[in-house]
Amino acid sequence: MLNEFRSFLTKSNALALAIGVIIGGAVGKVVGSLVDNILMPLIGLALPGGAWRETKVVLKANPDGSAAAALGVGPLLGSVVDFVIIAFVVFMIGRALIKPDPPAAAAAPTKVCPACKESIAVDASRCRACTSPV
């Protein structure tokens with residue numbers, strides 16, 4: 001059973017997936033720190049109020065004015081902004097590291113052999129399958 005498990009890890013994409021998850025977690029921490037410590041303070045300065053992540057919509061207030069029930073709109077918007085920034089940074093990293101495959105070369109023009117109906121090169125003088133002159 002141990003050999004079967006080892007075979008599964010080496011022949012399938014499980015090992016590559018595990019490496020991808022580990023590296024993704026590390027990149028996520030770095031990008032999350034970049035967002036929390038660099039970008040969000042700058043965004044907070046640009047927006048009025050600065051503490052927009054703490055914005056709440058009060059549904060029911062206590063007699064003393066505090067919120068008994070409130071919707072946390074600020075934390076939700078903050079998470080959405082974090083996600084968009086992290087997704088963009090990961091996209092840029094992936095775009096820089098993963099190069100697209102070059103376009104496939106155009107197939108050479110062919111013609112059909114009248115004797116055996118095999119596909120042969122246009123400039124061929126004999127069919128490669130039946131050797132009849134073309």
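Helix α3, which spans residues 73–97, contributes four residues to the lining of the largest pocket, and no element gives more. Helices here are DSSP runs of H or I with at least four residues, strands are runs of E with at least two, and both are numbered from the N terminus. The model is a predicted one, in which local features need pLDDT of at least 70 and side-chain atom pairs count only at pLDDT 80 or more, while totals for chains, interfaces and linings use all residues. Residues are numbered from 1 along each chain as its sequence is written, and side-chain values use heavy atoms, with hydrogens and water left out.

The pocket itself is a good place to begin. On a 1 Å grid over the protein atoms alone, a pocket is an open set of points with protein on both sides within 12 Å along at least five of seven lines, and a lining residue has an atom within 4 Å of a point. The largest pocket holds about 160 Å³ of space, where a volume is the space filled by probe spheres set on the grid points, which are joined across faces, edges and corners. Its lining is made up of V27, V90, I93, G94, L97 and I98. Sorted by class, five of these residues are nonpolar, one is polar and none is charged; in this sorting Ala, Val, Leu, Ile, Met, Phe, Trp, Tyr, Cys and Pro count as nonpolar, Asp, Glu, Lys and Arg as charged, and the others, Gly among them, as polar.

How far can the model be trusted from place to place? The predictor's confidence in each residue is its pLDDT, on a scale from 0 to 100. The chain averages 81, and 96% of the residues score at least 70. Among the elements, strand β3 (residues 110–112) has the highest mean pLDDT, 90, and helix α1 (residues 2–11) the lowest, 77. F5 lies in helix α1, and its C-alpha atom is 48 Å from that of A121, a residue 116 positions away in sequence.

A record adds a further label: an unreviewed UniProt entry carries the annotation "transmembrane region" for residues 67–93, although such annotations may be inferred rather than shown by experiment. Over residues 67–93 the chain is 78% helix and 19% strand, with the end C-alpha atoms 43 Å apart.

Turning to the cysteines, the structure holds zero disulfides, a disulfide being a pair of cysteine sulfur atoms within 2.5 Å. The sulfur of C116 has its closest cysteine sulfur in C127, at 3.5 Å, and is therefore too far away for a bond. C127 is buried, with a relative accessible area of 2%, whereas C116 is partly exposed at 29%; buried means under 20% relative accessible area, exposed over 50%, and partly exposed in between, with a 1.4 Å probe and protein chains only.

The backbone also deserves attention. Most residues other than glycine have a negative phi. K117, although not a glycine, has a positive phi of about 65°; this residue sits in the loop between β3 and β4 (119–121), and it is exposed, with a relative accessible area of 61%. T131, which is likewise a residue other than glycine, has a positive phi near 60° and is found in the segment after β4.

Notes:
1 Å grid on protein atoms, 1.4 Å probe; cavity = no way out; pocket = protein on both sides within 12 Å on 5 of 7 lines; lining within 4 Å.
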